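Here is a set of short exercises to work through with the model open beside you. Try each task first, then compare your steps with the solution below it.

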Amino acid sequence: MSQPMAASYNPHAVEAAWYDWWEAQGFFKPQTQSDGSAKPEGRFVIPAPPPNVTGSLHIGHALTVAIQDCLVRWNRMLGKTTLFVPGFDHAGISTQSVVERRLYKLEGKTRHDLGREAFLTKVLDWKNDYQARITNQLRRLGGSYDWNRVAFTMDPSLSKAVIETFCRLHEGGILYRANRLVNWCVILNTTLSNLEVEQKQLEGRTLLNVPGYDPKEKFEFGVITSFAYPIHDSDEKIVIATTRPETMLGDSAIAVHPDDPRYKHLHGKFAKHPFVDRLLPIVTDAIAVDMAFGTGAVKITPAHDPNDYEVGVRHKLEFINILNDDGTLNANAGKKFQGMKRFHARREVVKALGEAGLYVETKDNPMQIPICSKSGDVIEPILKPQWWVNCKPLAEEAIKRTRNGELMISPKQSEADWYRWLENIQDWCISRQLWWGHRCPAYFVRVEGADADVNDGKNWVVGRTLEEATERAKMLANGANFTLEQDEDVLDTWFSSGLWPFSIMGWPEQTHDLSHYYPTNMLETGWDILFFWVARMVLLGIYLTGKVPFSEVLCHAMVRDAHGRKMSKTLGNVVDPLDVIHGLPLENLHQKLYEGNLDEKEIVKAIAGQKKDFPRGIPECGTDGLRFALCAYSGGGRDINLDILRVEGYRKFCNKIFNATKFAMLKLDSTFVPNALPDPTGNESLVERWILHKLNITSTNVNSHLEQRNFMAATTAVHNFWLYELCDVFIEAMKPMTDPTVALETRTSAQQTLYTCLDYGLRLLHPFMPFVTEELWQRLPRRINDDPSIMVSRYPTQDSRFVFDDAERQFELVLAVVRTGRSLAASYNLQSDIQLFIHASDIAETKLLESQAPTMGSLIKGCTKVAVIGDLSQLPPGCGSTALSPTVAVYLAVQGFIDLEAEVAKLEKKIHAVNLNLDKLLKATSQPDYRDSVPTTVQQANEDKQKVLEAEISALQQSKSMFLKLQ
């Protein structure tokens with residue numbers, strides 16, 4: 001690198017150019033053997049979860065990138081052929097709704113004002129804009145994606161896969177058309193799957209706003225209303241109860257239990273509807289009715305309730321739909337209520353029941369209400385002819401494959417959820433009443449002269465092309481004239497996303513990528529979309545390719561704010577990762593709120609939240625600090641409470657690495673040339689052998705933690721090595737060894753060891769912190785035949801060359817003396833002219849400590865002398881002391897710095913306290929059954945503890961005696 005190293009760490013400068021260089025060098029592409037096959041080390045392929053083009057990425061996406069790219073970079077450095085495929089999801093409902101809101105906010109128009117084609121042009125413009133924004137975010141986050149393979153769910157090749165899947169499922173009898181109850185969102189005007197519906201728990205009567213109504217208007221939920229139906233041709237009445245009074249306008253029967261004596265005389269009779277000209281048969285049903293619940297009579301609304309639907313099927317009841325798609329009541333509800341909005345009708349029905357003398361009571365009723373996860377609207381079950389996937393046989397195969405070990409799901413909690421959901425899977429409605437998405441490749445065949453039912457799947461054909469559909473229609477028409485009408489609906493977004501791992505590889509074509517990179521190795525995503533997305537990829541992948549699409553599913557946590565709240569635009573706590581990377585003043589944070597679709601009240605609330613959470617704005621943390629923090633948070637839990645101050649702390653860690661490397665490089669003078677191999681020469685000092693041993697332990701642990709997907713433990717290991725072993729100990733300890741006056745052999749050895757630690761230490765960090773590690777690694781001198789970039793260099797793994805168990809044990813004693821000396825000096829408030837005397841009664845320890853006296857001196861700030869003595873008579877008068885072990889005590893010269901009388905009093909208290917501990921221990925060990933009942937390991941520990949306590953008393957007595965003589 002030609003530019004001199006900067007004076008201080010600047011994340012913006014460090015991260016400015018490396019990504020483009022990596023990409024230009026082709027490092028993101030899979031490196032293969034000459035025949036295109038994976039390298040002998042294996043392969044690692046991740047299909048990146050495609051972010052929605054609805055809007056920019058948030059901090060949860062940054063977590064996804066941090067974890068996935070960490071694993072990709074790690075595996076690449078292990079020598080494997082790696083492929084990280086980027087892409088984008090069209091996100092049908094979300095994207096269409098956000099563009100519709102934007103259109104209405106800016107132009108006061110709806111999509112219907114524009115028409116389908118013009119509106120889709122608007123959506124495509126939005127998609128192109130946000131795909132570019134997201135691409136920039138992904139690049140800034142350092143994701144090492146192969147951008148030559150970037151995919152979009154509505155690309156021609158992926159759209160072909162969608163059509164092929166629809167046709168194959170239909171041809172295999174898995175996909176069918178049926179007029180069944182669906183979850184209808186009035187606001188979005190489309191069907192939703194069960195997974196897109198959230199259940200809101202109410203403990204009793206609750207007044208709620210409903211989207212689409214005046215914000216000042218609230219409606220009553222969490223209550224149950226009882227009313228009576230008159231029995232036809234009788235003065236008798238039958239009382240029922242409901243939480244949705246308006247649905248009584250669609251009632252087609254009343255059910256009672258066949259064994260209930262209260263109603264046996266009503267079997268086969270009818271109740272008369274009070275508001276529409278309709279008689280309701282009284283049917284008996286032991287499945288739907290619990291005699292002990294309520295009155296034992298149940299109103300049946302087959303077209304608007306899942307349970308009632310089943311009753312309607314069993315008893316061949318009339319299915320009466322009372323709702324229009326816009327949430328108003330239709331003609332089936334009767335003239336009095338036709339045209340009313342559904343929750344206005346709820347009030348009016350109760351009022352009309354009262355006027356008719358049929359109202360009984362309203363009581364609190366703990367319950368759940370279904371809410372659209374996209375719009376917040378209250379979901380309505382309504383009958384719609386839709387396309388459905390029979391998931392049961394697909395799920396059975398997925399369960400079998402998972403239990404066979406073909407798929408591993410972690411953490412274990414997610415695996416339990418996986419089995420529970422698949423074992424209770426329901427059919428999947430894949431039709432959506434949208435314009436943005438893959439239009440269903442299904443065609444209604446309108447045969448001339450025939451009265452065909454559009455709801456009946458028998459009158460529909462599917463086709464990969466219009467020509468194929470036409471040929472199939474000819475067979476259906478049997479020679480008669482016909483016209484084809486393509487289904488206006490589009491497919492559920494998750495239908496196309498469910499094909500992602502193999503459609504991005506070119507399926508259904510048998511491509512090179514499909515044969516070499518599918519199945520993939522891992523799918524990493526949030527646990528919250530395990531069923532939305534992951535399960536569907538497995539179901540469809542097995543059915544269409546015969547293979548589980550990935551061998552491992554890793555579910556990361558959900559990112560919440562520092563208070564544990566879910567990220568929400570209205571709370572003002574949604575964080576753009578680029579704002580964390582670059583930093584953003586508070587005023588700019590406020591300004592960004594106006595760029596979205598929030599109304600003024602929501603903006604005011606969000607601004608208040610931002611002021612509370614980010615009073616000084618967001619500090620500049622850089623990509624490396626953000627990535628490291630997100631990995632450090634990931635220890636297997638289900639939630640991460642993200643504190644920006646902790647992210648800033650890891651930016652300071654980057655600064656520490658930068659400064660430490662810069663300082664260390666000063667010790668590698670211009671004549672330094674690293675050895676061709678990092679093999680130890682045998683001339684290394686104790687501290688060198690110790691740091692190489694610690695480096696090896698860290699390498700072993702980091703690899704082990706990454707294999708176990710424990711990113712928290714992996715980051716802790718490498719963080720601790722850099723801070724507490726390399727920076728705090730070795731770099732400080734080696735300073736005297738690199739002095740020009742030191743023997744050349746000693747200096748050269750220390751330099752080579754330092755170089756190896758920097759080289760390997762940066763490599764260990766690289767998967768977490770790609771930018772700063774590349775910047776610093778490129779500034780190091782190079783070994784012969786070194787790799788061109790740290791990202792394609794070899795990752796450090798367990799290395800027998802660096803195992804020095806004896807050195808670790810010996811140097812731990814040295815460090816224990818250092819820590820004791822520091823603590824002793826701090827207890828006397830000494831910061832300079834620190835003089836330590838170490839008494840060792842063991843000959844081997846004496847020799848070891850004598851040889852390490854210069855090292856100990858360099859590790860204790862303000863230390864001017866470290867002397868190892870063999871006899872206590874060699875101590876100067878007036879020393880404070882601490883016993884480190886039964887054989888080693890540390891003394892500190894304090895004469896002239898202390899109040900002798902006060903110090904003697906302190907020592908007497910300490911001696912008394914230690915004696916109490918010793919007496920307690922001796923009492924425990926002198927019990928009659930001690931030798932027989934206490935494990936030998938505990939007995940040994942107690943013997944060691946006794947020796948330490950006795951040594952401590954001896955050292956304190958020695959100090960006390962000194963101070964008394966000086967008084």
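**Exercise 1: a sheet of three strands**

What is the order of the strands in the open sheet of three strands, and which pairing does this sheet have?

Solution. Keep in mind throughout that you are looking at a predicted model.
- Step 1: Read across the sheet. The order is 11-10-16, and the pairing is antiparallel.
- Step 2: Look for the edges. Strand 11 (237-242) and strand 16 (359-364) each have a single partner strand, so one side of each has no neighbour in the sheet.
- Step 3: Check the twist, which averages 20 degrees from one strand to the next.
- Step 4: Zoom in on one pair. Strand 10 (residues 223-230) and strand 16 run antiparallel and are joined by five bridges.
- Step 5: Pick out a residue pair here: Thr-362 in strand 16 stands opposite Thr-225.

**Exercise 2: a sheet of four strands**

In what order do the four strands of the other open sheet come, and what is the pairing?

Solution.
- Step 1: Trace the sheet as 13-14-12-15, with mixed pairing.
- Step 2: Find the edges again. Strand 13 (270-272) and strand 15 (297-300) are the edge strands; each has a single partner strand, so one side of each is left without a neighbour in the sheet.
- Step 3: Add the twist. Ignoring direction, neighbouring strands of this sheet are turned by 30 degrees against each other on average.
- Step 4: Take the pair of strand 12 (residues 253-256) and strand 14 (residues 279-284). These two run parallel, and three bridges join them.
- Step 5: Locate one bridge: Val-256 has Thr-284 in strand 14 as its bridge partner.

**Exercise 3: two helix pairs**

Why are helix 10 and helix 11 described as roughly antiparallel?

Solution.
- Step 1: Get the geometry. Helix 10 (residues 392-403) packs on helix 11 (residues 412-423) at an angle of about 150 degrees, and their axes are 9 Å apart.
- Step 2: Apply the cut-off. Angles over 145 degrees count as roughly antiparallel, and helix 10 and helix 11 are therefore placed in that class.
- Step 3: Add the handedness: this crossing is left-handed.
- Step 4: Repeat for helix 23 (residues 711-733) and helix 24 (residues 744-765), whose axes cross at roughly 165 degrees and come within 11 Å.
- Step 5: Classify this second pair. Helix 23 and helix 24 are therefore roughly antiparallel to each other, and their crossing is left-handed.

**Exercise 4: backbone details in loops**

Which residue does a cis peptide bond join to Ser-410?

Solution.
- Step 1: The partner is Pro-411, and omega is about 0 degrees.
- Step 2: Place Pro-411 in the loop between strand 19 (408-410) and helix 11.
- Step 3: Move on to Trp-507 and Pro-508, also joined by a cis peptide bond, with omega about 15 degrees. Pro-508 sits in the loop between helix 14 (500-503) and helix 15 (512-517).
- Step 4: Turn to phi. Asn-785 is a residue other than glycine with a positive phi, near 60 degrees. Its loop runs between helix 25 (770-779) and helix 26 (805-827).

**Exercise 5: enclosed space**

How many cavities of 30 Å³ or more does a search of the whole structure find?

Solution.
- Step 1: The search finds one.
- Step 2: Note the volume: the largest cavity holds about 40 Å³ of space.
- Step 3: List the lining, which consists of Arg-244, Glu-246, Thr-247, His-304, Ile-322, Leu-323, Arg-342 and Glu-380.
- Step 4: Sort the lining by class. Four of these residues are charged, two are polar and two are nonpolar.

Technical notes
Residues are numbered from 1 along each chain as its sequence is written. This is a predicted model: local features need pLDDT of at least 70, side-chain atom pairs count only at pLDDT 80 or more; totals for chains, interfaces and linings use all residues. Side-chain values use heavy atoms; hydrogens and water are left out. On a 1 Å grid over the protein atoms alone, a cavity is a set of points where a 1.4 Å probe fits but cannot get out, and a pocket is an open set with protein on both sides within 12 Å along at least five of seven lines; lining residues have an atom within 4 Å of a point. Grid points are joined across faces, edges and corners, and a volume is the space filled by probe spheres set on the points. Ala, Val, Leu, Ile, Met, Phe, Trp, Tyr, Cys and Pro count as nonpolar, Asp, Glu, Lys and Arg as charged, and the others, Gly among them, as polar. Two strands pair if DSSP finds at least two bridges between them. Axes are lines fitted to C-alpha atoms, for helices over the stretch in contact, and angles run from 0 to 180 degrees between N-to-C directions. Angles under 35 degrees count as roughly parallel, over 145 as roughly antiparallel, 65 to 115 as roughly perpendicular and the rest as oblique. A crossing is left-handed if the near helix is turned anticlockwise from the far one by less than a right angle, and right-handed if clockwise.
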